[in-house]
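Good morning, colleagues. I would ask you to keep the sequence and the structure in view while I speak.

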Amino acid sequence: MFPALLLAQFALVACAIVNGVAAAGWNGSQPWAIAGIASLQALLVLLRAVPILLLLSLPLLALRRQRPRLAALAVLWSLFIVAQAGLNQYFQVAHVPLGADLFGYSAAEIRTTLSGGTPLDPRSLLAYLLPLLVLWCGLYVCARRWVDGSRRWTSVLLIAGLLAWLAWLPTGARTLKDDAARDLASNKLAWFCADVWRWSRNDSAAVLAPGKAAAATADEPPLDPQFPFLHPEQTPDTLGPYFSPTSDGRPPNVVVIVVEGLGRSFSGPQASLGSFTPFLDALATRSLYFDNFLSNQGRTFGVLPSLFNSAPFAKEGFTSLGTRMPPGPGLFNLLGQQGYHTAFYNGTDTDFDNERAFMQLQGVQHLVDKRDFGPGYQLNPFSEWGYPDKELVSRVLADSPQLQAPFLLAVQTISMHTAYKFPGQDAWRARFEQRLRDLRIPDAQLAAYRANADIYSTILYTDDQLHRYFDAVAKLPWYANTVFVITGDHRLPEIPMGEHIDRYHVPLIIFSPLLRQARHVRAVSSQLDVAPSLLALLSHTYGLKRPAQTPWLGTGLDLDDSFRNIHQLPLQQTKTSAPDYLAGRWWLHDGQLLELRDGMHLTPADDAAARDWVARHFLRYQQANAIFMQKLALAPGGATPELVAYREPAQKVQPIGAAPVMHGLSTDLSEVAAGSHAVQLTVGFSNGDAQASRAFVPLAVLTAEDGRELQEVSGAALQLPANGHQRVQLALQRPDACSRRCYVSVFPSDPQTGKAIGQGQYHVPVDASTTAGGAP
């Protein structure tokens, strides 16, 4: 009977690959490589399942009558096929394989997450039906041709199944160059089982003794056995020099907007997919714009504790503690204690991810969610999430004139989530097509973009609702004395991601009429740094107080001009996934050491000393988190710590770790000559490795102030010898959009994909004052 199951397994793979490739718009050799790896994985997974299936099938095969025996076998094996088809279809919706995160959400939360997103098109239905039809027809044929079967072949198959457990499951890491392709090629049943096994082992892991963790990082003091994250609060006021006094002498209002799914790859200057947020791009040119900013979670579960409380993740996210969440100092309660009115708006049910319980613990005075909108607002008929962003903005604006200054207002959007559908979407699909023309997307790539037209049109829709909000509040009296903070909770996964870091790479925009000047910040920071920096700004520049001690993980926003990371921080993709850890330029992911490079790229690093150094700091965080899970205490004063006036830190924060070594390809933009009609570039490319570099194409991209790509030009393909260097001349025409200022980026790019494959120079301003004397 096994040939029938084998054919059904390959039919299952074929449907999954066809669906995935169609959704991503891949072409060329990539789909064939994905199909080959997926087929090999599917065969190995099936062989591994053979001993289990044989054991379960033996009682069924003992039935005397052929028809009941065949029907019982068909039901058992159909369940095996349907389970895999269901995991494949989940991946089609979520674009991430399902793992142990299944156990991090309630049935109601899973239903809400997938509401409206389950595809019912013929291709998706075929993914269920075709493998089952192949199985049933194959069983019928096998039963007629081989009535008694073969003990010899059954024995061979059983031995092969046992040996398959010793075989390596190919990941395609060498053949497939990005995470999206590797995720599609991976067998979803194997992924699910491996992730659940990892999670179950971590769940029973013993807590290390505090002394062991302290000894692992001799450069830091021992952990407090009661409050392991507690430390003196010394975050420097890096924002203060950019802000003017308020007109009324009171501290400024603060508005924080958390945009669901907002990722850097499709928003902002030099966005790798082109920017689909024209309003935010324009706002960024008048703001403090943090180009290399990270969310600390790959899903929404952690954004509120990270952004407002700089809190640890606990085991499955801070809010997963539910009623056991301990009080601690955060933006809401600290500002509330000092005369601020606090409010939080969300168009969904805030019981999801325990957001309501978290906000109530923070003492939020005015909370509006799906149940509190009142009459006159239209629920989204295409999903169970609640109100689309247009209705959310309208609800916030309805209350905005009555806000009591000073206030802290937080708004959390939802439309940029599955199912990416909202009323009136057809008009936004037309805008999406216009945006493709504005971005000058090459014809060869249009199919991939149009495969995700619903997503891109939703991004444009949410961006426009934010535009409507800012236009409206700009007319209100409190606007002039307000600081606006905009970021994404994580990068949405439904548009395929090129690298692991893409999931966390989000923009941060700090805008205010109080700003003295705009600035484009290249240093790396994360959402854990936002609350400490805002409290430092409000206490140092505007006279509020801040806690003497905090359990905050963040150390404040870094506004340095250079690309660097001075922070140590955890990142967690899902509630049940193993945390990543970033320290200096080193990123630890699943035990693998990666180097964080300019342009927010991760490259594998072979440095045992660096790996041990990061692992020691990661161990210290894990130990502190384990103690926290035992004690469930953050600070001695809970949410009401001792407040003190701002004091300058004793010393400036210095970059951590060893100085970066320039491995791989790097770029030096040595000369920029801007004339009235052209921009001449002299670019040096260097190879810091002891072997020849891979082939690359020198690429220069010219963008307008609002982030629109105006032009790109490439040089001849190069390959540098070991430690080699070569200078290249590139020329760009200067369009009318560059009459005042535009920006140029240069980097070594992959000849096939055009993506950066080394360190580049990004967002270099070009204006009328730029001359041939050198780079600006």
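Let me start with Leu-492, which is located in the loop that links β7 (482-488) to β8 (505-511). Please bear in mind that this is a predicted model. Is Leu-492 buried or exposed? Its relative accessibility is 0%, and because buried means under 20%, Leu-492 counts as buried.

Which residues does Leu-492 touch, once its neighbours within four places in sequence are left aside? Its contacts are Gly-261, Phe-266, Met-416, Tyr-420, Ile-455 and Ile-459. A further relation concerns His-417, which is 75 residues away from Leu-492 along the chain. The C-alpha atoms of these two residues are nevertheless separated by 7.4 Å.

One of those contacts, Tyr-420, deserves attention for its backbone. Tyr-420 belongs to the loop between β6 and α15. Its phi is near 55°, which is a positive value in a residue other than glycine. With a relative accessibility of 4%, Tyr-420 counts as buried.

The loop between β6 and α15 (425-439) also contains Ala-419. The peptide bond that joins Thr-418 and Ala-419 is cis, with omega about 20°. Another cis peptide bond runs from Ala-405 to Pro-406, and there omega is near -5°. Pro-406 is situated in the loop between α14 (389-399) and β6 (407-412).

Where do we find Asn-354, a residue that is not a glycine and yet has a positive phi of about 60°? Asn-354 is placed in the loop between β4 (341-346) and α13 (355-361). Its relative accessibility of 28% makes Asn-354 partly exposed.

I now turn to a sheet. Five strands form an open sheet in the order β13-β14-β15-β16-β17, and the pairing is antiparallel. Why does one side of β13 and of β17 lack a neighbour in the sheet? β13 (568-571) and β17 (601-604) stand at the edges and have a single partner strand each, so one side of each is left without a neighbour there. From one strand to the next, the twist averages 25°.

At the β13 edge, the partner is β14 (residues 580-583), and four bridges connect the two strands in the antiparallel sense. Within this pairing, Gln-568 stands opposite Ala-583 in β14. Helix α19 (residues 608-631) packs on the sheet and touches β13, β14, β15 (586-589) and β16 (592-597). The direction of α19 makes about 65° with that of β15.

Next, the cysteines. How many disulfides does the structure hold? The number is zero. As a reminder, a disulfide is a covalent bond between the sulfur atoms of two cysteines. Cys-15 has a relative accessibility of 8% and therefore counts as buried, whereas Cys-137 is partly exposed, with a relative accessible area of 49%.

Finally, I shall give the totals for the protein. It contains 19 helices and 25 strands. Of its 776 residues, 57% count as buried. Among the contacts with a separation of 6 or more, 76% are between residues 24 or more positions apart. The protein exposes about 32500 Å², of which carbon and sulfur atoms supply 57%.

To return to the starting point, Leu-492 is buried at 0% relative accessibility, and its contacts include Tyr-420, the residue with a positive phi near 55°. Thank you for your attention.

Methods
Residues numbered from 1 in each chain as written. Predicted model: local features only at pLDDT ≥ 70, side-chain atom pairs only at ≥ 80, totals over all residues. Heavy atoms only, no water. Buried < 20%, exposed > 50% of the residue type's maximum accessible area, 1.4 Å probe, protein only. Contact = heavy atoms within 4.5 Å. Pairing = 2+ DSSP bridges. Axes fitted to C-alpha atoms, helices over the stretch in contact; angles between N-to-C directions. Disulfide = S-S within 2.5 Å. Areas by Shrake-Rupley, 256 points an atom, 1.4 Å probe, with all protein chains shown as cover.
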